[in-house]
Amino acid sequence: MALKITVIGTGYLGATHAAAMAELGYEVLGLDVLPEKIEMLRRGEVPMYEPGLEELLRRHVAGIEGSTGRLRFTTSYEEVGAFGDVHFVCVNTPQKHGEYACDMSYVESAFDALAPHLTRPALVVGKSTVPVGSAARLAERLAAHAPAGADVELAWNPEFLREGFAVQDTLHPDRIVVGVTGERAEALLREVYTTPVAEGAPFVVTDYPTAELVKTSANSFLATKISFINAMAEVCEAAGADVAKLAEAIGYDERIGKKFLRAGIGFGGGCLPKDLRAFMARAGELGVDQALTFLREIDSINMRRRGHMVEMARDAVGGGFLGKRVAVLGATFKPDSDDVRDSPALNVAGQIHLQGGQVTVYDPKGMANARRLFPTLGYADSALDAVHGADVVLHLTEWREFRDLDPAKLAEVASERRILDGRNALDAALWRKAGWTYRAMGRPSA
Ligand code: UGA
């Protein structure tokens, strides 16, 4: 009999995981505590913008014409407990208000709600990003509250998907990491992931704490790479060098690699910033805070980028924002997403607004979320409208749409032809040809 799978939590991670499991051929039941989210998913609608996800979902959601019918949704833990052989917990772990530590309350309530319904043998698999030590604690809680007792096991299987590539990363992961305490859990997870493993995805078996740490250390490493190149950008600014060339040149060394060396206004989003901070908080609890003090520096280099962009913009408009119009291209924390959580672009827009600038933002997919978070900013329906009458244009999220813009057209409507590239992604020569003063971060001479 094929395994029956449940997915608890239907955010980015859960919605994608549920659809991917159905794609791999399993019967899947997804759960969320928000009934309106479940209603949307049942109609085959995704509550966020993620390329390819809606198509994948519609291919499997029961009741949609032509679908396999393998994917259903519910709000009932009782139904989940009765249905599943393997339960994936995919709820989020945001940063706690006013603290560095992560908020485990969603994970804890998911486990507490699920446990009493585990009346038959089952494997619970945590995918949420949690502080090291959580899995061991949650395993004890399961053992104490699951009626099936020792027939219920826990595994930790961190997720490495990137927003914008969630479907691809879930169906074709570059590695599968499982933290287990027994062979049965390992065997079940090997079965779940038969297809990607057959395609060559490495399957790494560890204990709980190692699996938990793999996730936080991977994100810390990525953040470190970005802040490293941004620190080099600061030096390049002072020394008259070009950080993009520098990144290219060091990237040819395979030990360094080209990826994640794009200098600009730095990292944001729902993962990297809060994972760094939660990791530092946890290291403190473990008495090894010294081991991670460098992450504080990574965080501050990153936050400094946003301030630096504001300064560059202020200089560009003559030293003060009062009475100046600023066009902001991009609101999301990265392209191909509608996610504005801790977005460097919106942070810069907000700072300029607070300093008296008249800011108009345009983003291809993030407008609704941006409006909700920063209702006091101005918004335009297109890049052209945003640039209309602008004294300076800031390119802050590297959407393809912005690279495809015609600088000559924008030049006709802008008040001043000044563009600051906060992502080092535009074709400088093209903009200059159309009469713009182009300036990028970490490339004073470029
Ligand atoms: C990140 C990790 O890349 C995933 O592997 C991980 O699974 C995920 O967090 C998570 O913990 O769930 P994501 O938040 O989607 O994924 O975003 P990234 O692609 O890592 O980008 C993060 C930020 O870094 C963005 O704001 C991006 O603009 C910025 N960035 C990225 C740079 O400034 N420079 C670069 O060279 C690369």
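This dialogue walks through a few features of a predicted model, from its strands to one of its pockets.

Q: How many of the residues of strand 1 are buried, and what follows from that for the strand?

A: A residue counts as buried when its relative accessible area is under 20%. In strand 1, which covers residues 4-8, four of the five residues are buried, so the strand is largely enclosed by the rest of the structure.

Q: Which strands are joined to strand 1 by bridges, and do they run parallel or antiparallel to strand 1?

A: One approach is to take each neighbour in turn and look for residues that stand opposite each other. Strand 2, residues 27-31, runs parallel to strand 1 and is joined to it by five bridges, and within this pair Thr6 stands opposite Leu29. Between strand 1 and strand 2 the chain passes through helix 1, residues 12-23, and this β-α-β crossover is right-handed. Strand 4, residues 86-89, also runs parallel to strand 1, here with four bridges, and Val7 stands opposite Phe88 in that pair.

Q: In what order do the strands of the six-stranded open sheet stand, and which of them are at the edges?

A: The order of strands in a sheet need not be read from their numbers, and here the open sheet has the order 11-10-9-12-13-14, with parallel pairing. Strand 11 (378-379) and strand 14 (437-440) stand at the edges, and each has a single partner strand, so one side of each is left without a neighbour in the sheet. For strand 11, two bridges join it to strand 10, residues 358-362, and the two strands run parallel; Val361 has Tyr379 in strand 11 as its bridge partner.

Q: Which residues have a positive phi although they are not glycines, and is each of them buried or partly exposed?

A: It helps to take the backbone angle, the place in the chain and the accessibility together for each residue. Asp336 has a positive phi of about 60 degrees and is not a glycine; it lies in the loop between strand 9 (325-329) and helix 14 (344-354). With a relative accessibility of 33%, Asp336 counts as partly exposed, because that class lies between the 20% and 50% cut-offs. Asn424, also not a glycine, has a positive phi of about 50 degrees and is found in the loop between strand 13 (418-421) and helix 19 (428-433). At 16% relative accessibility, Asn424 counts as buried.

Q: Where does the second largest pocket lie, and what lines it?

A: A pocket can be described by its volume, by its lining and by the parts of the chain that supply the lining. The second largest pocket has a volume of about 180 Å³, and 13 residues line it, with Cys102, Met104, Pro131, Arg282 and Glu285 nearest its centre. Helix 6 (134-145) and helix 12 (272-285) are the elements that give two or more residues to this lining, and helix 12 gives the most, with four. By class, the lining holds seven nonpolar, two polar and four charged residues. Domain 1 (4-206) and domain 2 (207-446) both contribute to the lining, so the pocket lies between them.

Q: Where in the chain is Met104, and how far is Met104 from Ser134 in space?

A: Distance along the sequence and distance in space are two separate things to read. Met104 is in the loop between strand 4 and helix 5 (105-114), and is buried, with a relative accessible area of 8%. Met104 and Ser134 are 30 residues apart in sequence, while their C-alpha atoms are 9.0 Å apart in space.

Key: Residues numbered from 1 in each chain as written. Predicted model: local features only at pLDDT ≥ 70, side-chain atom pairs only at ≥ 80, totals over all residues. Heavy atoms only, no water. 1 Å grid on protein atoms, 1.4 Å probe; cavity = no way out; pocket = protein on both sides within 12 Å on 5 of 7 lines; lining within 4 Å. Points joined across faces, edges and corners; volume = space filled by probe spheres on them. Nonpolar A, V, L, I, M, F, W, Y, C, P; charged D, E, K, R; others polar. Domains from an automatic or database assignment. Buried < 20%, exposed > 50% of the residue type's maximum accessible area, 1.4 Å probe, protein only. Pairing = 2+ DSSP bridges. Right-handed = clockwise from strand over helix to strand, strands pointing away.
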